[in-house]
Amino acid sequence: MKTILKIIGVIVLLIIGYTVIAMLAFGKNYHYEKSMVINAPKDKVWQQISSMKAFNQWNPWMKLDKTMKVTYTGTSGEVGDKYCWDSKNDDAGAGCQEIKELVLNEKQKTEMIFVKPFEGQATSEIVLSSEGNATKVVWTMDTEQDPMMKIMRPMMDYQMGKSYEEGLNNLKALVEK
(Lines give C-alpha, C1' and ligand atoms only; values in the text may rest on other atoms or scores of the structure.)
Protein backbone atom coordinates (compact mmCIF):
# COMPACT_ATOMS: atom_id res chain seq x y z
CA MET A 1 0.00 0.00 0.00
CA LYS A 2 2.86 2.40 0.81
CA THR A 3 4.41 1.73 -2.58
CA ILE A 4 1.17 2.61 -4.38
CA LEU A 5 0.84 5.83 -2.37
CA LYS A 6 4.45 6.73 -3.17
CA ILE A 7 3.86 6.13 -6.87
CA ILE A 8 0.70 8.26 -6.80
CA GLY A 9 2.58 10.97 -4.89
CA VAL A 10 5.41 10.99 -7.45
CA ILE A 11 2.90 11.20 -10.33
CA VAL A 12 1.10 14.12 -8.68
CA LEU A 13 4.41 15.91 -8.07
CA LEU A 14 5.45 15.36 -11.69
CA ILE A 15 2.15 16.79 -12.95
CA ILE A 16 2.40 19.81 -10.66
CA GLY A 17 6.06 20.30 -11.58
CA TYR A 18 5.32 20.14 -15.31
CA THR A 19 2.44 22.60 -14.91
CA VAL A 20 4.61 25.12 -13.07
CA ILE A 21 7.49 24.72 -15.52
CA ALA A 22 5.18 25.05 -18.54
CA MET A 23 3.54 28.17 -17.15
CA LEU A 24 6.94 29.77 -16.49
CA ALA A 25 8.94 28.48 -19.45
CA PHE A 26 6.53 29.09 -22.32
CA GLY A 27 5.86 32.68 -23.31
CA LYS A 28 2.35 33.91 -24.06
CA ASN A 29 3.05 34.06 -27.81
CA TYR A 30 2.54 30.80 -29.69
CA HIS A 31 3.98 30.32 -33.19
CA TYR A 32 3.62 27.25 -35.36
CA GLU A 33 4.85 26.71 -38.89
CA LYS A 34 5.17 23.93 -41.41
CA SER A 35 6.55 23.99 -44.94
CA MET A 36 6.51 21.82 -48.02
CA VAL A 37 7.89 22.04 -51.54
CA ILE A 38 5.25 21.59 -54.23
CA ASN A 39 6.21 20.68 -57.78
CA ALA A 40 4.32 23.52 -59.45
CA PRO A 41 4.96 27.19 -60.20
CA LYS A 42 3.92 29.85 -57.68
CA ASP A 43 0.99 31.12 -59.78
CA LYS A 44 -0.60 27.65 -59.79
CA VAL A 45 -0.22 27.31 -56.00
CA TRP A 46 -1.50 30.89 -55.59
CA GLN A 47 -4.82 29.91 -57.21
CA GLN A 48 -5.42 27.57 -54.26
CA ILE A 49 -4.58 30.03 -51.47
CA SER A 50 -5.82 33.40 -52.75
CA SER A 51 -9.50 32.94 -51.80
CA MET A 52 -11.31 31.35 -48.89
CA LYS A 53 -13.31 29.05 -51.20
CA ALA A 54 -10.09 27.79 -52.79
CA PHE A 55 -8.43 27.44 -49.37
CA ASN A 56 -11.34 25.32 -48.17
CA GLN A 57 -10.75 22.83 -50.98
CA TRP A 58 -7.67 21.62 -49.11
CA ASN A 59 -8.31 22.93 -45.57
CA PRO A 60 -7.88 19.88 -43.29
CA TRP A 61 -10.46 21.08 -40.77
CA MET A 62 -13.32 21.11 -43.30
CA LYS A 63 -13.50 17.31 -43.19
CA LEU A 64 -14.23 17.28 -39.44
CA ASP A 65 -17.95 17.76 -40.10
CA LYS A 66 -19.49 17.21 -43.53
CA THR A 67 -22.71 18.91 -42.33
CA MET A 68 -20.94 22.02 -41.02
CA LYS A 69 -22.68 25.25 -41.99
CA VAL A 70 -20.30 27.47 -44.00
CA THR A 71 -21.08 30.99 -45.23
CA TYR A 72 -18.90 33.18 -47.44
CA THR A 73 -18.92 36.98 -47.51
CA GLY A 74 -16.81 39.63 -49.18
CA THR A 75 -15.32 39.49 -52.64
CA SER A 76 -13.58 36.21 -53.42
CA GLY A 77 -9.84 36.61 -53.79
CA GLU A 78 -9.67 40.08 -52.25
CA VAL A 79 -8.90 41.47 -48.81
CA GLY A 80 -12.11 41.01 -46.81
CA ASP A 81 -12.88 37.61 -48.38
CA LYS A 82 -14.27 35.72 -45.39
CA TYR A 83 -15.91 32.48 -44.39
CA CYS A 84 -17.60 31.52 -41.17
CA TRP A 85 -18.27 27.99 -40.03
CA ASP A 86 -20.58 26.53 -37.43
CA SER A 87 -20.57 22.90 -36.40
CA LYS A 88 -22.26 20.89 -33.71
CA ASN A 89 -19.00 18.87 -33.58
CA ASP A 90 -16.71 20.43 -30.94
CA ASP A 91 -13.64 19.31 -32.92
CA ALA A 92 -14.71 21.70 -35.70
CA GLY A 93 -16.37 24.31 -33.48
CA ALA A 94 -17.41 27.67 -34.85
CA GLY A 95 -15.67 30.82 -35.98
CA CYS A 96 -14.61 32.94 -38.93
CA GLN A 97 -11.49 33.38 -41.05
CA GLU A 98 -10.91 36.52 -43.10
CA ILE A 99 -8.21 37.52 -45.58
CA LYS A 100 -6.39 40.58 -44.22
CA GLU A 101 -3.54 40.82 -46.75
CA LEU A 102 -2.78 39.47 -50.22
CA VAL A 103 0.49 39.91 -52.10
CA LEU A 104 0.07 38.42 -55.58
CA ASN A 105 1.86 35.06 -55.92
CA GLU A 106 3.69 35.73 -52.62
CA LYS A 107 1.57 35.81 -49.46
CA GLN A 108 -1.89 35.39 -47.98
CA LYS A 109 -2.51 36.56 -44.41
CA THR A 110 -5.71 35.83 -42.52
CA GLU A 111 -7.25 36.48 -39.13
CA MET A 112 -9.23 33.76 -37.40
CA ILE A 113 -11.81 34.33 -34.70
CA PHE A 114 -12.80 31.22 -32.76
CA VAL A 115 -16.18 31.18 -31.04
CA LYS A 116 -16.50 27.56 -29.86
CA PRO A 117 -15.50 25.24 -28.29
CA PHE A 118 -13.25 28.04 -26.97
CA GLU A 119 -12.96 31.73 -27.74
CA GLY A 120 -9.79 33.15 -29.20
CA GLN A 121 -8.10 34.69 -32.17
CA ALA A 122 -5.07 33.93 -34.32
CA THR A 123 -3.36 35.06 -37.48
CA SER A 124 -2.14 32.80 -40.22
CA GLU A 125 0.17 33.34 -43.17
CA ILE A 126 0.87 31.27 -46.24
CA VAL A 127 4.06 32.43 -47.93
CA LEU A 128 5.23 31.21 -51.35
CA SER A 129 8.80 31.26 -52.64
CA SER A 130 10.31 29.79 -55.79
CA GLU A 131 12.61 26.79 -55.56
CA GLY A 132 13.67 26.23 -59.16
CA ASN A 133 10.51 25.12 -61.00
CA ALA A 134 8.82 24.26 -57.70
CA THR A 135 7.27 26.37 -54.94
CA LYS A 136 8.06 26.28 -51.25
CA VAL A 137 4.93 26.86 -49.18
CA VAL A 138 5.36 28.04 -45.57
CA TRP A 139 2.15 27.97 -43.52
CA THR A 140 2.20 29.68 -40.11
CA MET A 141 -0.12 30.44 -37.23
CA ASP A 142 0.41 32.92 -34.40
CA THR A 143 -1.72 33.47 -31.31
CA GLU A 144 -1.48 34.45 -27.67
CA GLN A 145 -2.08 31.76 -25.07
CA ASP A 146 -3.44 32.26 -21.60
CA PRO A 147 -1.44 30.58 -18.81
CA MET A 148 -3.59 27.44 -18.71
CA MET A 149 -3.26 26.89 -22.49
CA LYS A 150 0.54 26.91 -22.14
CA ILE A 151 0.23 23.57 -20.36
CA MET A 152 -1.32 22.14 -23.53
CA ARG A 153 1.46 23.42 -25.83
CA PRO A 154 3.15 20.05 -26.53
CA MET A 155 -0.23 18.53 -27.40
CA MET A 156 -1.10 21.59 -29.50
CA ASP A 157 2.21 21.26 -31.41
CA TYR A 158 1.40 17.62 -32.10
CA GLN A 159 -2.15 18.38 -33.32
CA MET A 160 -1.05 21.38 -35.40
CA GLY A 161 1.69 19.26 -36.96
CA LYS A 162 -0.81 16.60 -38.02
CA SER A 163 -3.31 19.13 -39.36
CA TYR A 164 -0.78 21.30 -41.21
CA GLU A 165 0.90 18.22 -42.70
CA GLU A 166 -2.48 16.95 -43.92
CA GLY A 167 -3.43 20.36 -45.32
CA LEU A 168 -0.13 20.81 -47.17
CA ASN A 169 -0.39 17.28 -48.56
CA ASN A 170 -3.95 18.07 -49.71
CA LEU A 171 -2.68 21.27 -51.37
CA LYS A 172 0.19 19.40 -53.01
CA ALA A 173 -2.13 16.71 -54.42
CA LEU A 174 -4.58 19.35 -55.70
CA VAL A 175 -1.92 21.51 -57.37
CA GLU A 176 0.25 18.73 -58.79
CA LYS A 177 -2.55 16.88 -60.62
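Strands, like helices, are DSSP runs, a strand comprising at least two residues in state E, and they are numbered from the N terminus. The exercises below apply this to a predicted model.

**Exercise 1. Determine in which strand Ile38 lies, whether Ile38 is buried or exposed, and which residues Ile38 touches.**

Step 1. Ile38 belongs to strand 1, which covers residues 29-38.

Step 2. The relative accessibility of Ile38 is 0%, and since buried means under 20% relative accessible area, Ile38 counts as buried.

Step 3. When residues up to four places away in sequence are not counted, Ile38 touches Val45, Ala134, Thr135, Val137, Leu171, Lys172, Val175 and Glu176. For one of these partners, Ala134, the separation is 96 residues in sequence, while the C-alpha to C-alpha distance to Ile38 is 5.7 Å.

**Exercise 2. Identify which cysteines form a disulfide, and work out the handedness of that disulfide.**

Step 1. The sulfur atoms of Cys84 and Cys96 are 2.0 Å apart, which meets the criterion of a pair of cysteine sulfur atoms within 2.5 Å, and the count by this rule is 1 disulfide.

Step 2. Because the torsion about the S-S bond of Cys84 and Cys96 is about 105°, the disulfide is right-handed.

Step 3. The pair links distant parts of the chain, 12 residues apart, with Cys84 in strand 3 (residues 82-86) and Cys96 in strand 4 (residues 94-103). Cys96 has a relative accessible area of 19% and is therefore buried.

**Exercise 3. Describe in which sense strand 3 and strand 4 pair, and where Ser87 is found.**

Step 1. Strand 3 and strand 4 are paired in the antiparallel sense, over 5 bridges, and Asp86 stands opposite Ala94 in strand 4.

Step 2. The loop between strand 3 and strand 4 contains Ser87, a residue that is buried, with a relative accessible area of 2%.

Step 3. A polar atom of the Ser87 side chain lies 2.9 Å from the backbone nitrogen of Asn89. Leaving aside residues up to four places away in sequence, Ser87 touches Asp65, Met68, Ala92, Gly93 and Lys116.

**Exercise 4. State over how many bridges strand 4 and strand 5 pair, and which residue of their hairpin takes a positive phi.**

Step 1. The pairing of strand 4 with strand 5 (residues 107-116) is antiparallel and runs over 9 bridges, with Lys107 in strand 5 as the bridge partner of Val103.

Step 2. The hairpin of strand 4 and strand 5 has 3 residues between the strands, and Asn105 takes a positive phi near 60° there.

Methods. Residues are numbered from 1 along each chain as its sequence is written. This is a predicted model: local features need pLDDT of at least 70, side-chain atom pairs count only at pLDDT 80 or more; totals for chains, interfaces and linings use all residues. Side-chain values use heavy atoms; hydrogens and water are left out. Helices (H or I, at least four residues) and strands (E, at least two) are DSSP runs, numbered from the N terminus. Buried means under 20% relative accessible area, exposed over 50%, partly exposed in between (1.4 Å probe, protein chains only). A polar contact is a pair of N or O atoms within 3.5 Å; within protein, one must be able to donate a hydrogen and the other to accept it, and residues adjacent in sequence count only if both atoms are side-chain atoms. Contact means heavy atoms within 4.5 Å. Two strands pair if DSSP finds at least two bridges between them.
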